[in-house]
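The exercises below are meant to be worked through slowly, with the structure open beside the text. Try each task before reading the solution that follows it.

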Amino acid sequence: MNAKTLYDKLWDSHVVRQDADGTALIYIDRQLVHEVTSPQAFEGLKLAKRKPWRTASMLAVPDHNVPTTNRAAGIADPISRLQVETLDANCAEFGIVEFKMGDIRQGVVHVMGPEQGATLPGMTVVCGDSHTSTHGAFAALAHGIGTSEVEHVMATQCLVAKKSKAMLVKVDGVLGRGVSAKDVALAVIGKIGTAGGTGYAIEFAGSAIRGLSMEGRMTLCNMAIEAGARAGMVAADDTTIEYVKGRPFAPQGENWDKAVGYWETLHSDDGAKFDATVELDAAQIKPQVTWGTSPEMVTDINGHVPDPASAPDAVKRSDWERALQYMGLQANTPISEIKVDKVFIGSCTNGRIEDMREAAAVAKGKKVAANIKLAMVVPGSGLVKAQAEKEGLDKVFIEAGFEWRDPGCSMCLAMNDDRLESGERCASTSNRNFEGRQGQGSRTHLVSPAMAAAAAIAGHFVDVSKS
Amino acid sequence: MRKFNLLDGLVVPLDRANVDTDAIIPKQFLKSIKRSGFGPNAFDEWRYLDHGEPGMDNSKRQINPDFVLNQSRYQGAQVLLARENFGCGSSREHAPWALEDYGFQVVIAPSFADIFFNNCFKNGLLPIKLDASVVDELFKAVATNEGYKLKVDLERQVIATPDGKETAFEVDAFRKHCLLNGLDDIGLTLQHVDDIKAFEVKHRAAQPWLYA
């Protein structure tokens, strides 16, 4: 038998039918639903008088529009409120399980799913959100889809797809002190570019990846889309199985044993062929900071803002010039001299308990710098929040001068009231530094939770590997 | 879905790489529960000088005269000429909805982000990948010729410049079929109900925990 990649195995086990040109119908095991990309899909279903194929495969949660303060008052913005109410009504009408705003299980959809055990190894997982790649950390085939496809999966339990190419990103060695999965993700994107993974499904492997917790693997797969790859994945191992065990939606009893037996096969076979391979040495990865308006515009904490004159081609040069102008940065400025106005710790990239712990470890016993207008920590879910409070992390943050908020997408994309004012500069643990992402005129620097906390304390970027 | 076959459309050049879906349609407009009406807010932060919010009367807003879409020579454009990695970022289908609602029927670029590319076909919008050198030539031609139009023939898979020079493009056979006939995928997929049910029986036997 031919040696298969993990991606081959996941793909092959879900093909319902395939045409000669490679166009296939693939079966979807889990669809996660949130309020922003689902209303038009539900409306389409209703207009066509169709019913969801398998409601038990769906799990819904509002996250993008929810406020992170004063929840008792509800959602102030009437348009946001209507969108969340529309999700509630659709889930009630079709009998879909939803964790509403007041539910402790509510949170960012990509934090909530794995936390509930709703994401399992071997599954195909989709959601109308590009960061669905997160779930690939469980050796699942997971990717974001558009709203037409959300409706398609609801109606047919399938997706029309063509197989992607396979890329292996191998990171061997041991990560240095203060260097986390976020830094690996940004280093990979810095190396291959934001379109480097376009057309590929990426498998992250190597000893450094094996050494990551599930939280770290989720952070890494989350940002596969920032490298252009719709799906990122990591092979299943004991870390995966240990994480899933005992979660509400995880298999139990006899099914558990059977499932584990299958999950243990979810890795690339020796000798499996990849269409592209990228290798990184873990020991060489330093804490990363983006300086521009695309995640590939990144360097490490010891680096400088680049000079557009040194750009490799004309298109890049004008991109860099535009980025520096937008970001209000001068070429050759040391990264460590960049002062920030606000700090955001949270999101589907870095809103999990481990992220809270890493940030709290830096903030403990310190105070947020005087030039910081706002430093906020937004846990990824109500359960992450509860766990952090059990560990006393909320007190660490509050004593240091951070705000401790309720769970949601928050300032990652600023759809709720959490946003930057024009020209404000933010150290953010989110995933995108696009123009306007955190509010019109916002200036985002993507960093790890430890780096964000350290920037809040120092008022500018500092090297956490040296502290 | 609207059918697409032939177009002879005015071209507007958007000369920057990595145009992301946040730029194509900013997040505040994603609060809508409808799938139409996004056109006036396509490229909102580049197109207007003031901050846009849903429900505003866009005709009363401050236009950014420097933004290419606002220049008089490009009014009525149906072909968007772009640089590499167009449509990167979020999966929001609001991006192709906004472009289509604005009046675009074709986007030409050296490369597209996967999810955006896929979403276009669901909405009667044809994304065409051409070699970077060909795209470069088109940028030069558009800049120097006011009223520059391109003919796009999906059936024959060619674009033609005003002087009659044709360039072939690739398009997936299934997607081409759907676009030419204005077909939506769900109806087509439901022709395979028996296959899906048969798969489900097999899948349930192999991984019963998925159905517990």
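**Exercise 1. Chain B as a whole**

How many helices and how many strands does the secondary structure of chain B come to? Describe chain B in outline as well.

*Solution.* Bear in mind from the start that this is a predicted model. Going through chain B, one arrives at eight helices and seven strands. Next come its dimensions: along the principal axes, the C-alpha trace of chain B spans about 65 × 45 × 25 Å. Chain B has 212 residues, of which 44% are buried. Finally, when the contacts in chain B with a separation of 6 or more are considered, 67% of them join residues that are 24 or more positions apart.

As a single example from this chain, take B:Glu200, which lies in helix H8 of chain B. Its count of C-beta neighbours inside 10 Å is 17, and therefore B:Glu200 is classed as partly exposed. Between B:Glu200 and B:Pro127 there are 73 positions in sequence, and their C-alpha atoms are 34 Å apart in space.

**Exercise 2. Where the two chains meet**

Determine how many residues each chain gives to the contact, and then which helices of chain B take part.

*Solution.* Chain A contributes 57 residues to the contact and chain B contributes 49 residues. On the side of chain B that touches chain A, at least two residues each are supplied by helix H1 (21-24), helix H4 (114-121), helix H6 (173-181), helix H7 (185-189) and helix H8 (193-206) of chain B. Sorting this side of chain B by class gives 19 nonpolar, 14 polar and 16 charged residues.

**Exercise 3. Two helix pairs in chain A**

Two packed helices are described by the angle and the distance between their axes. Apply this description to two pairs of helices in chain A, and decide how each pair is oriented.

*Solution.* Begin with helix H2 (residues 39-47) of chain A and helix H5 (residues 147-156) of chain A, whose axes come within 8 Å and cross at roughly 50°. Because of that angle, H2(A) is oblique to H5(A). The crossing of this pair, H2(A) with H5(A), is right-handed. On the side of H2(A), the contact is made by A:Gln40, A:Ala41, A:Gly44 and A:Leu45, while H5(A) brings A:Thr147, A:Val150, A:Glu151, A:Met154 and A:Ala155. By class, these are five nonpolar, three polar and one charged residues.

Now turn to H13(A) and helix H16 (residues 449-458) of chain A, which pack at an angle of about 30° with their axes 8 Å apart. Angles under 35 degrees count as roughly parallel, and so H13(A) and H16(A) are roughly parallel to each other. The crossing of H13(A) and H16(A) is right-handed. In this contact, A:Asp355, A:Glu358, A:Ala359, A:Val362 and A:Ala363 of H13(A) meet A:Pro449, A:Ala450, A:Ala452, A:Ala453, A:Ala454 and A:Ile457 of H16(A). The classes here are nine nonpolar, no polar and two charged residues.

**Exercise 4. Covered helices and the core**

Find the buried residues of H13(A) and H14(A), and then look at the residues that touch the most other members of the largest nonpolar core.

*Solution.* H13(A) is mostly covered, since eight of its 11 residues are buried. Among them are A:Ile353, A:Met356 and A:Ala360. Just after H13(A) comes A:Gly365, with a positive phi of about 75°.

In helix H14 (residues 382-390) of chain A, the buried residues are A:Gly382, A:Leu383, A:Val384, A:Lys385 and A:Ala388. They pack against helix H4 (109-115), helix H13 (353-363) and helix H15 (393-400) of chain A. H14(A) is followed by A:Gly392, whose phi is positive, near 80°.

The largest nonpolar core has 211 residues, and A:Val343, B:Val107 and B:Ile108 touch the most other members. Beyond its neighbours within four places in sequence, A:Val343 is in contact with residues including A:Ile372, A:Cys426 and A:Ala452.

**Exercise 5. Two loop residues**

Is A:Ala139 buried or exposed, and is A:Asn332 buried or exposed?

*Solution.* A:Ala139 sits in the loop between strand S6 (124-127) and strand S7 (141-144) of chain A, and its phi is near 60°, a positive value in a residue other than glycine. With 28 C-beta neighbours inside 10 Å, A:Ala139 counts as buried.

A:Asn332 belongs to the loop between helix H11 (314-327) and strand S15 (342-345) of chain A, and has a positive phi of about 75° although it is not a glycine. With 10 C-beta neighbours inside 10 Å, A:Asn332 counts as exposed.

Terms used: Residues are numbered from 1 along each chain as its sequence is written. Chains are lettered from A and ligands numbered from 1 in the order in which they are written. This is a predicted model: local features need pLDDT of at least 70, side-chain atom pairs count only at pLDDT 80 or more; totals for chains, interfaces and linings use all residues. Two residues are in contact if their C-beta atoms, placed from the backbone, lie within 7 Å. Helices (H or I, at least four residues) and strands (E, at least two) are DSSP runs, numbered from the N terminus. Ala, Val, Leu, Ile, Met, Phe, Trp, Tyr, Cys and Pro count as nonpolar, Asp, Glu, Lys and Arg as charged, and the others, Gly among them, as polar. Axes are lines fitted to C-alpha atoms, for helices over the stretch in contact, and angles run from 0 to 180 degrees between N-to-C directions. Angles under 35 degrees count as roughly parallel, over 145 as roughly antiparallel, 65 to 115 as roughly perpendicular and the rest as oblique. A crossing is left-handed if the near helix is turned anticlockwise from the far one by less than a right angle, and right-handed if clockwise. A nonpolar core is a set of buried Ala, Val, Leu, Ile, Met, Phe, Trp, Tyr and Cys residues joined through C-beta atoms within 7 Å. A residue is buried if 20 or more other C-beta atoms lie within 10 Å of its own, exposed if 12 or fewer, and partly exposed in between; C-beta atoms are placed from the backbone.
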